[in-house]
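Biologist: Could you take one part of this model and walk me through it slowly, in words that a first-year student can follow?

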Amino acid sequence: MFTPVAATFSTSTATSVPGQEESIANTPSRSGVPDNLDRDWFLKFYHRRRKRMRKNLFLLCCLVLIVATAHADYRYVFSKEKNPLRELSVAASSLPLIGSKISWQNGVLKSADCHLVLYAPKEFSNGRVSLKARDRYESSVALIARANKNFSAFYALEVCPSQKKAFFYRFIYGEPVKRQEIPYGGGREFTLALDFDGKAVVAWINGRKVGEMPDDGRLKSGLAGIRGGFWTNAELKLLEYRAAIPGGDTPTAEQPLMKPVANIRKLNLKNILNWDLAKAYRSTNGTRHTVSLNQVWRFRPVADPQIPKTEPEAEWGYFVVPGYWAKGAISNFMRTEDGTAVKEWRGIPFTRGGASVWYRRTCNIPADWCNRKVELVIEDLCGAAEIYVGEQMVAQKRDPAIGVVRVDVSRALRYGENNELRIRNSGELNSQTGLGNVRFQLAPEVNFGEVGIVTSVSAKTLTLFFCESSVPPGSLIDIQVKDRNGGKLYQERRSFEKKIQCRWMPPVLWSPDTPELYFLELAIVTPDGKVPDRTVIRFGFREFTARDGQFFLNGKPIILKAETAIPNKGSWWGLDYLVDRRFLEPLFTAYKKSNLNCTVLNGPPSEEILSLADEMGLMLLVSGRTLSHAELDRNSESALKKLEDSLREMAKDPVYFRHPSQIGFRIDVWYGYNAGCTNPNYVGLKQGDPNQSGISALRNQRLNRMAALYRKYFPDQECFTGGSGAVGNIYGTHIYHTWGAPSTELRAFFEEWSRRREMPVFVGETYLPYIGSFFDLENFHGGGVPYITENAARVLGDAAYRYRTSLSPRPFHERGAAGWFWNTTENKAGGVYGFAVDAASAVTAEYLKEIMPGWRFHRLTGYGNFDYTEASFAMQRIAPDTLPVSRDYSDFRVYQLIN
C-alpha cells in the first residue's frame, strides 16, 4: 500500500553516486598508517559499514511501513462549515463542472446531468471503507473503493432509497459487471460499507450483510470515495477507512420472517384458493382449448438461486397471478396463510421486489390430455426466468425482448396425476416484474400451429403464415372469411402450405373511423378425410405505410394524432388494470373523444389492449428492443445475430400478426442512436447531448440495420424512432425546449421538411413549453427553484404577474393548489377538468396559438402529446379506484382484485 513512499525514502538514502568509491579510496590517511594499508583497511571498513547501513535501512523501511499501516485509518467528517469539494480530491472529469452542475450548499451535495466523483487522497488495500449519508430527494449515492487513477475500474455499493433498491457491482471500463441488485427498505438515511480481505469483497448496508463477490486480484489497492448518480441531492456525513475489518456484523434486531402491512384488507384465501383444473376458467375455439392457471400461487423470495426443495412451508407465502409486486391494488403484496398482506420477508421489501423469487402451484392434469399438444403460456414474464415441471427444467428466459413465453410441456407432464409447476423469476426486479396471464393451451397432435395474418390493400391479398405446424403431407386446408353477422365473404379449399396467399379484399377496410373486423375460419383435412384441427381467428384488413413524405392508411394519407404516455407497466397503473377492460375501455374512450387516433405501448403488447384497440379504432406503436453501442462494439455481427434470433422468436407469437391496430415499432427510445430531443440546449443540456458520441452517420447506419431486421420478420410494420432523427424512411423528433428556443424558431421548425418531403415527420413527444423550463434546470427534479411568473413574462409581458402561480420546487410531483399539476379544477358536462397553474396555462395557450399553425402549414404528418390525455384521465379518476372482486380468480377475462 505504501510502497511508493518506501521506495522514495530508500532511493534518497541509499543510492550510490558514480565514482564515489574512488573518491573515498584516494582520501589522505588521518591515522598515519601508510596510504596503501589505510586504503585496504578503509575499503573493507567501508563495505562492512555499507552492508550494515543497508540492513538497518531495510529494517527502518519495514518499521515505517508497519507504523504507517497501523495508522492508515482515514476519517473525513462532512459539515456545513467546510466544503469537501475544496478539501477532498475531485476526479478530473468532474472538476470543470464545479459551480455549474456540481455544488456544495449548506451541507448538501448536488449534481445535475453528470456523475460526480469525490475521493479521499490516500490509497488503501485491505480493510473496511464506509460512508454515512442521507438522501434528500430521489437520487442515488455510491460508495466506491479500490478505484484506479482514472476511475475506469472500481468496486461500488450504490443505494437508491426512493426506488427501494441498492446495487453492488464491479466497474470495469465504463460498465458495471457482476452486478447484484439488492432490495432496500432502510429509509433515506443509510450507512454503506465494503470489506476487503484479499479474498472477497463483502457489502453491508445499515449493519446488514447484503452481498459478496470474489476479489479478482486486479485492483490490489486504490482510492475510496463517493460517486453521485446522474442527479444527486444528498447530505454526506462521514467517509471512513479502517485498516482492520470489524469482527462480525453490527448488532441489529432480528428481522421478523414476514412483516405485515397496515391498512390493507385481508384476502380470504380459504374461499379463493382452488387449484383444481376442472374448476378453472376455460374457453374453446374449434378443436383448441385454453385452461387458465391464474390463481393464488405459493410464493417465496430467496437469496440462494437453487431450488428450495426442502424449505419448510412456513417460509412460503402466497401471491396472486397475474400481478406485479410494485403496482396495482393487491398485487403488491405477498400473503400469509390467513391472507394478511406482507410488505417484507426477512427484511426484503415486496413493494419493490427481491433478487430472486419462486412461484409454485400444482395442477391435476387430466388423463385424456395425453394425446394432445399442451403448451404452457406465460404473458408479461419480465426478467430472467427458469420454468420447471416437477424436477425438469422445460424452459429458460434470458432475452429481455421476449415478453410472452410459450413452451411445449407435452412430454414433461404426468397425465392423470398432480404436477407441480415452479417458476424462478430473477434478474433486475423492479415495478415491471411479475407474471401476467398464465395458461395451458391445448391443440390436437395434428395441427396447423399458430397462424399469422398479413393483409395488403395495394396487392389485394390476404397472406397466412403457419408456425410450427404438424400437418401431414397431402393435407388440404379449408379457408373461409365471414363478417360479424356470419355472412360468407370468401371461401376456398387448397393444399396446405406454410405460407398461403389469397387474392381477396373485403368491402370495408379497418381504420380509426371504420374499425371493421372479420372472422377467419380454418380447418385441416388430412388425406384420410379427417378434420383434426379447426379454429376461428378475428382480424382486420388494413395496410399502413410511410412513403413520399406522408403516412398512408389503406392508400390514403393520414395524420397521426397520438397520446405517447399510455398507461404501461411501471407507470400510473399496474398489471391488474392493464388486463381489465373496465379500466381500458374508458381510457380509450377518452382518447377517441380527444380526437386521437394513435397511442404508444411501452413493453410487449398484451392481447387485451390490442383486441380493444382493434374494436375501437386506435392505432398502436409498440416499443421494440435495440442493441446498445457497447454490444455492437464488442462484436457487431454476433450481436445482430442475437437480435435476429429474438425477432424470429417474437414472430412466432400470433399477437403481432392478428391485430390491425398495431402499425409499427418504436425503436431507439431516447439517447441510443438519435438525440433525445431536437436541440439539447432547448432542455438545458448546455454541454450538448451527453449520450451522443461518435459519428452520427455510423449511428444511423447501425440503427437502420436493426430496423431492416424488424421489417424482415414483421413486413406490415413500420419502424419509428423514439428520439430526434431518422430511421429508415421516417423522421421522428421529440420537441421540448427552454427559453433558448424562440417561439418563431419553433413555429418554423418544419419549414425545411415542407421543401424536401422524402420522409414523413412524426413528433413522438412534445410538451410546450417544457415544464422544467419554468424551474432551475440544474436540479428541477427536486429542490429546484421555481421561476414560473418570471419565465411567463417572456411571453405574456407584465400580464404574467396577474396570474396565479406556484412556489413548489417539485414540478413533476406536486399536485393540487400548491403545485403545478391540477392546480385548479372546473366542473363541466358531468366531468371534472384539471389545469396547470394559471401562469403556465396561459403561456401554453399562447404557444399553441402561435406555433401549431406553423407546424400544420409545413405539413407535419404526426403529432404526439406527452401525458396530456393520460394525466387528465388519471386525475379525473375516470378509472375506478377499486374494481369489483372476481368470483373466479382464474378467469382472466374479468380478472381484478380489491385493495
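Modeller: In this predicted model, helix α14 has a kink of about 30° at isoleucine 851, shortly before the proline at position 853. The helix covers residues 838–857, which makes 20 residues, and from its first C-alpha to its last it reaches 29 Å, close to the 28 Å expected at 1.5 Å a residue.

To see how α14 sits among its surroundings, consider which of its residues are hidden. Ala839, Ala840, Ala842, Val843 and Thr844 are buried, and so are Tyr847, Ile851, Gly854 and Trp855; Ile851, the residue at the kink, is therefore one that counts as buried, with under 20% relative accessible area. An α-helix has 3.6 residues a turn, so residues three or four places apart point the same way. With that in mind, you can follow Val843, Tyr847, Ile851 and Trp855 along the helix in the structure, each of them on the list of buried residues.

The buried residues of α14 pack against several other elements, both helices and strands. The helices are α11 (743–747) and α13 (788–796), while the strands are β49 (730–735), β50 (761–766) and β53 (862–865). Between the end of α14 at residue 857 and the start of β53 at residue 862 you will find arginine 859, which comes just after the helix and takes a positive phi of about 65°.

Key. Residues numbered from 1 in each chain as written. Predicted model: local features only at pLDDT ≥ 70, side-chain atom pairs only at ≥ 80, totals over all residues. Heavy atoms only, no water. Helix = DSSP H or I, 4+ residues; strand = E, 2+ residues; numbered from the N terminus. Expected span 1.5 Å × (residues − 1). Bend = angle between axes of the 7 residues up to and from the residue. Buried < 20%, exposed > 50% of the residue type's maximum accessible area, 1.4 Å probe, protein only. Contact = heavy atoms within 4.5 Å.
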